[in-house]
Amino acid sequence: MGIKRSDRREFLKRGVALASGVTLGAVAKSASGQLEGPEAFIQGTDELVRYGKRSSYVTSVRIPHGGRASPDAFGLDFHIAAPLQDSVGVITPSSLHYMGTTRGSFVPDIDPEKHRLMIHGMVDNPLIFTMEELKRLPSVTRMHFIECAGNRANRRHRTVQETHGMTSCAEWTGVLLSTLLKEAGVQDGGDWIVAEGVENVVGASSIHMAKAMDDCIVCYGMNGEAVRPQQGFPLRLLVPGFEGILNVKWLRRIKVVDQFYMTYNDYGHLRQDSDDAALGMQIGPKSVITYPSGGQQLPGRGFYEVSGLAWSGGGAVSRVEVSTDGGGSWVDAEIRGTAHPMAHTRFTLNWQWDGQECELQSRCTDVLGSVQPSRAQAIEYWTSRGQPARVKGQDNSIQPWRVESDGSVHNAIS
Amino acid sequence: MRFLRLLLPLPLMLGISVQAQSPTYGLGRTPSAEEIRAWDISISPTGEELPAGSGSVGEGSQLYLEKACAGCHGTTGTGGPAPRLVKRDVGPDAGPWALGRVLPIRAPYATAVWDFINRGMPLYQEGTLTADEVYALTAYLLFLNDVVEEGTVLDAQSLPKVEMPNRDTWAPLPEWWRPGMSRLPSYPY
């Protein structure tokens, strides 16, 4: 393996520079600058050997959603939002994954040896599985986002954590629900399932069989390890692209039934308007710029990589556009890596900031051709049909961020 | 995508349940009837899962105090720190959605009220009420909201027959949805 000609020339040139002694001084000076620190050394304790932890200089944390205490005085409200402003890539670390409970901040502490999943109702063969048996079945590993129905930005929010933090994305591993349903043998007329968990209210959701048989996953793995207790250890249901409350945690029971059951969770999200019901079930195409975003400070004019997340319950993200002039003109952003179906997708745009006040927006299109609307477009759609002036269902409207000439970034929802 | 949609199993496209099959993997075991009964607590609108037992409005009014419901929900079903349990006074012509987010009036089915109390109350002592007690408390809350008469006794037969004012004025989840469809085909966003 000889040195390539150009490399050899480089080597010879550097040799000459070193010999001259002039460049050597410059290199040494730069290197001594780089070698300042570290501040201290982290001792390799048994704890750190077994299960590492992040740097003490990294302080990104989740916050209670909606400005309410979580848990509240009753211990009832427990909705916590992910710090999307600090996110890189598309995976939300398990410790920072957003969370909501149907009621209560007390998370079940379940011994997986004792946990069981029962499938019964309108099936030929009712079945009860141990965790070990579930892990013996053919598995899938897929990237999917989950988003809470309450992930709705308003003008009082300051940061992207407040406007959009009730969504996260993880790599999920488990058995397709269809595998289990086929094993049990769904009978004619079994058009719905009721999925039930073991939290203190035994929360349950009704899910249509068309979705249950399509791509739902009974998950025991998350981001390369066991599902975390706050995410449903040892077993949770994933209903890709559908509203968060359907993704039942601490899953213990699937009952195949002939009708929508109006369960505890179903009543919690009862809607009066059929458009709201449809637009709330599957998440529409949605995106948000995470950098620069509200509360952040640009140090000065010059180059920035604008970065954000896009997702859709309708499938993969096919296009993301960015506007730096408040929606007046749009350019295509670059989609980073693979755009997985029903998964957060990272987009970026190279941007030279001229130091002038401006407004940044992003707009997502999914494989179905659905396009993320501005708030005005969504409202106009309904008012032109004689309906009230509001965004129906899950709010997927465009998030505007205003960059002031001093580099401060602000929520620009009017 | 259009091509992929054509490849979907025909029964799914037609909205028909997949025909039962025999097990492929042979894992898991058959649960006993007792195991199923113990966990089978989600009550359908038609009430198949309701257990035996009964309870009256009068018994419910006593239990409401004895089981400390009043401590959180208020002695009259309102005024406590927990969600109110009596409808708002918005006049005789108000539709069910104007009466507030109040379970024993907004729930489209009385079975949902029974189910909610049975699985969710009392706070931190969930699952401790007997079936008789849940029937009685359900009867009392429905009486407080003028849904049933004072002399009402509820059981597995009578509960599903109670006509709730919101029975036909709520929006069901779309049953037309199939994989690969947008969330509302007429809506471009």
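## Where the two chains meet

In this predicted model, the contact between the chains draws 49 residues from chain B and 67 residues from chain A. On the side of chain B that touches chain A, helices α3 (33-39) and α7 (110-120) of chain B each supply at least two residues, and α7(B) gives the most, with five residues. When the residues of this side of chain B are sorted by character, 30 are nonpolar, ten are polar and nine are charged.

## The build of chain B

Chain B has a secondary structure of eight helices and two strands, and someone reading along its sequence would meet them in the pattern α-α-α-β-α-α-α-α-α-β. Of the 189 residues of chain B, 32% count as buried. Among the contacts in chain B between residues at least 6 apart in sequence, 60% join residues that are at least 24 apart.

## Two crossing helices in chain B

Two packed helices are described by the angle between their axes and by the distance between those axes. For helix α4 (residues 57-66) of chain B and helix α8 (residues 131-144) of chain B, the axes come within 7 Å and cross at roughly 95°. Because angles of 65 to 115 degrees count as roughly perpendicular, α4(B) is described as roughly perpendicular to α8(B).

The residues that meet here can be followed by name in the structure: α4(B) brings Val57(B), Glu59(B), Gly60(B), Ser61(B), Leu63(B) and Tyr64(B), while α8(B) brings Glu133(B), Ala136(B), Leu137(B), Ala139(B), Tyr140(B) and Phe143(B). The residues of this contact of α4(B) with α8(B) divide into eight nonpolar, two polar and two charged.

## The domains of chain A

Chain A is divided into domain 1, which covers residues 63-270, and domain 2, which covers residues 286-411. The C-alpha centres of these two domains of chain A lie 27 Å apart, and the contact between the domains takes 23 residues from domain 1 of chain A and 20 residues from domain 2 of chain A.

On the side of domain 1 of chain A that touches domain 2 of chain A, the elements that give two or more residues are β6 (140-147) and α5 (160-164) of chain A. The residues of that side of domain 1 divide into ten nonpolar, nine polar and four charged.

## A sheet in chain A

Strands of a sheet pair through backbone hydrogen bonds, and the pairing is either parallel or antiparallel. In chain A, an open sheet of five strands follows the order β17-β16-β20-β21-β22, with antiparallel pairing. Its edge strands, β17 (331-332) and β22 (409-411) of chain A, each pair on one side only.

Towards one of these edges, strand β21 (residues 401-403) of chain A is joined to β22(A) by three bridges, and the two strands run antiparallel. Arg402(A) stands opposite His410(A), which lies in β22(A).

## A closer look at Leu237(A)

Leu237(A) is found in strand β12 (residues 236-238) of chain A. Is Leu237(A) buried or exposed? A residue is buried if 20 or more other C-beta atoms lie within 10 Å of its own, and Leu237(A) is therefore buried, with 26 other C-beta atoms within 10 Å.

Leaving aside residues up to four places away in sequence, Leu237(A) touches Ala195(A), Cys216(A), Val218(A), Asn247(A), Val248(A) and Leu251(A). One of these contacts can also be described by a distance, since Leu237(A) and Asn247(A) are ten residues apart along the chain and their C-alpha atoms are separated by 5.0 Å.

Definitions and conventions
Residues are numbered from 1 along each chain as its sequence is written. Chains are lettered from A and ligands numbered from 1 in the order in which they are written. This is a predicted model: local features need pLDDT of at least 70, side-chain atom pairs count only at pLDDT 80 or more; totals for chains, interfaces and linings use all residues. Two residues are in contact if their C-beta atoms, placed from the backbone, lie within 7 Å. Helices (H or I, at least four residues) and strands (E, at least two) are DSSP runs, numbered from the N terminus. Ala, Val, Leu, Ile, Met, Phe, Trp, Tyr, Cys and Pro count as nonpolar, Asp, Glu, Lys and Arg as charged, and the others, Gly among them, as polar. Domain bounds come from an automatic or database domain assignment. Two strands pair if DSSP finds at least two bridges between them. A residue is buried if 20 or more other C-beta atoms lie within 10 Å of its own, exposed if 12 or fewer, and partly exposed in between; C-beta atoms are placed from the backbone. Axes are lines fitted to C-alpha atoms, for helices over the stretch in contact, and angles run from 0 to 180 degrees between N-to-C directions. Angles under 35 degrees count as roughly parallel, over 145 as roughly antiparallel, 65 to 115 as roughly perpendicular and the rest as oblique.
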